[in-house]
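I opened the notebook today to go through the sheets, one helix contact and one pocket of this model, and I set down what I looked up in the order in which I looked.

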Amino acid sequence: MSGGDGVGIVGGGLLGLTVGLRLAQAGVPVRVYERAEQLGGLVGSFDLDGYPADRFYHVVLPTDDRVIGLARELGLGDRFRFQPTGVGFYDDGRLFSMSSLREFMSFPLLAPHDRVRLASFVARCQLVRDPAKLDDEPLLGWLRRQCGRRAVEALWRPLLDSKFDGRYDDLPASYIWARTRRMSRTRDASGRELMGWLEGGYQALVDALAARLEALGARIERGVAVERVLGTPGRVEGLVVDGREHRFDEVLCTLLPPAASRLFDGPLAAALPATPQRYLGVVCVILRVPESVSPYYTLNITDRRVPLTTVVESTHVVDPAAAGGTLLYVTRYVEPTSPDLDRPEDEVRNEYLGHARTIFPSLARTPILAASVQRARVVEPVHPLGGASLLPPLHPLPGLTLASTLHVYPEVVNGQAVLGVAERAAAGLLERVGTPQRVAA
């Protein structure tokens, strides 16, 4: 290393803390800056009237070996709970289940021939090992050829409309390939999806990461906002925090480009790579009610008279006793310009609750024990056609590493994929700073 103070990390979420752990284990000095008082970012939890709840719903699959392995390393390996869950659809004012192979083969939204084609499509997705050709394949045309026009109009179009807020014409086929491949590998013999929960949620993993980091001598600054990145057009040299310059051998920024760009000014900003990807925001109304409302963990909404993306009853996986009852996440993914991101909370809560009651009439007779509106303007990158060639480098400048969920591709964003980015970023940083000594994990 040169004359700086190890590695400065901007962002105390799962990615930043995991990279910090790998560096600290190798003897590299680490300092993490998180602007919020609580670590975790989008995977963190909050207090919902006396009980902890995830800000946004998260799930762990049995195939998430990185998540499970990290939890075991931190002493949390015995705190996973996996069980089969149900999947439903809401269409034309009615609920339909697609939770087993039998229900799939009798699914009423598709004709028998279309169900056979859809099943064949899912099976073929498992056989595609290299999605490079799908990166330049327009999604809708690919789905029409693979599944048929009727399946696209009845199923795929409304699902894409609900997920991408009506804008999905520029998506590559790799999006559906990645999602189908991930979920299909977790089904049990009956075809039901197996999903899991880490006791305490991802917040427990984040807190364990922070504790291990600090035990290794790393410094974690909570409630501290980085003002800007320090350096010249040819090299990053440190960070400015509270008006003071902090010199580092390397800087890791884990913020997505719209947020990260505010830290770069002048000639340094001009040296950064352009990122043509767009982003989705999310609005989530979280309700706690006394008892189960939905028979499904995930409800897909193909009836577009209801402008939601999904309703998730997370306590089909999360222990209801730990949540204080049944938790419903009434969710809509939106463009970052959506007015729902700025409207008064009571307006959003009442409107989304009304949509949920349309789907589940029993909710109108159920007392609401607690409610919260959680929103994030930039939460998930949307990769267009040719997305692989548009990904920015992890190390765009000497002294700088940019690693965020933007680098999750062709996978979909989840904890497993984020830890994959963390592994790559940590390996690159260790090559750049060297490994002064190896510290036992």
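Entry 1, the parallel sheet. In what order do the 5 strands of the open sheet with parallel pairing lie? I was working on a predicted model, and in it I read the order as β9-β2-β1-β13-β19. At the edges I found β9 (219-222) and β19 (400-402), each of which pairs on one side only. I then looked up the turn between neighbouring strands of this sheet, which is 15 degrees on average with direction ignored.

Within the sheet I followed β1 (residues 7-10) and β2 (residues 30-34), which pair in the parallel sense over 4 bridges, and I noted that Ile9 stands opposite Val32 in β2. Helix α1 (residues 14-25) packs on this sheet, where I found it touching β1, β2, β9 and β13 (250-253); the direction of α1 makes about 170 degrees with that of β2.

Entry 2, the antiparallel sheet. I turned next to an open sheet of 3 strands, whose order is β10-β11-β12 and whose pairing is antiparallel. The edge strands are β10 (226-232) and β12 (244-247), each pairing on one side only, and the twist from one strand to the next averages 35 degrees. I looked more closely at β11 (residues 235-241), which 4 bridges join to the antiparallel β12, and I recorded that Leu239 stands opposite His246 in β12.

Entry 3, a helix pair. How far apart are the axes of α2 and α14? For α2 (residues 65-73) and α14 (residues 415-433) I noted axes 7 Å apart and a packing angle of about 75 degrees. Because angles of 65 to 115 degrees count as roughly perpendicular, I entered α2 as roughly perpendicular to α14. On the α2 side the contact is made by Asp65, Arg66, Val67 and Leu70, while α14 contributes Gly415, Gln416, Ala417, Leu419, Gly420 and Glu423. By class, I recorded the residues of this contact as 4 nonpolar, 3 polar and 3 charged.

Entry 4, a pocket. I then went to the second largest pocket, for which I noted a volume of about 330 Å³. It is lined by 17 residues, and the closest to its centre are Arg181, Arg182, Arg185, Glu411 and Gln416. The elements that give two or more residues to the lining are α2, α7 (174-184) and α14, and α7 supplies the largest share, 4 residues. I closed the entry with the classes of the lining, which come to 8 charged, 6 nonpolar and 3 polar residues.

Definitions and conventions
Residues are numbered from 1 along each chain as its sequence is written. This is a predicted model: local features need pLDDT of at least 70, side-chain atom pairs count only at pLDDT 80 or more; totals for chains, interfaces and linings use all residues. Side-chain values use heavy atoms; hydrogens and water are left out. Axes are lines fitted to C-alpha atoms, for helices over the stretch in contact, and angles run from 0 to 180 degrees between N-to-C directions. Angles under 35 degrees count as roughly parallel, over 145 as roughly antiparallel, 65 to 115 as roughly perpendicular and the rest as oblique. Contact means heavy atoms within 4.5 Å. Ala, Val, Leu, Ile, Met, Phe, Trp, Tyr, Cys and Pro count as nonpolar, Asp, Glu, Lys and Arg as charged, and the others, Gly among them, as polar. On a 1 Å grid over the protein atoms alone, a cavity is a set of points where a 1.4 Å probe fits but cannot get out, and a pocket is an open set with protein on both sides within 12 Å along at least five of seven lines; lining residues have an atom within 4 Å of a point. Grid points are joined across faces, edges and corners, and a volume is the space filled by probe spheres set on the points. Two strands pair if DSSP finds at least two bridges between them.
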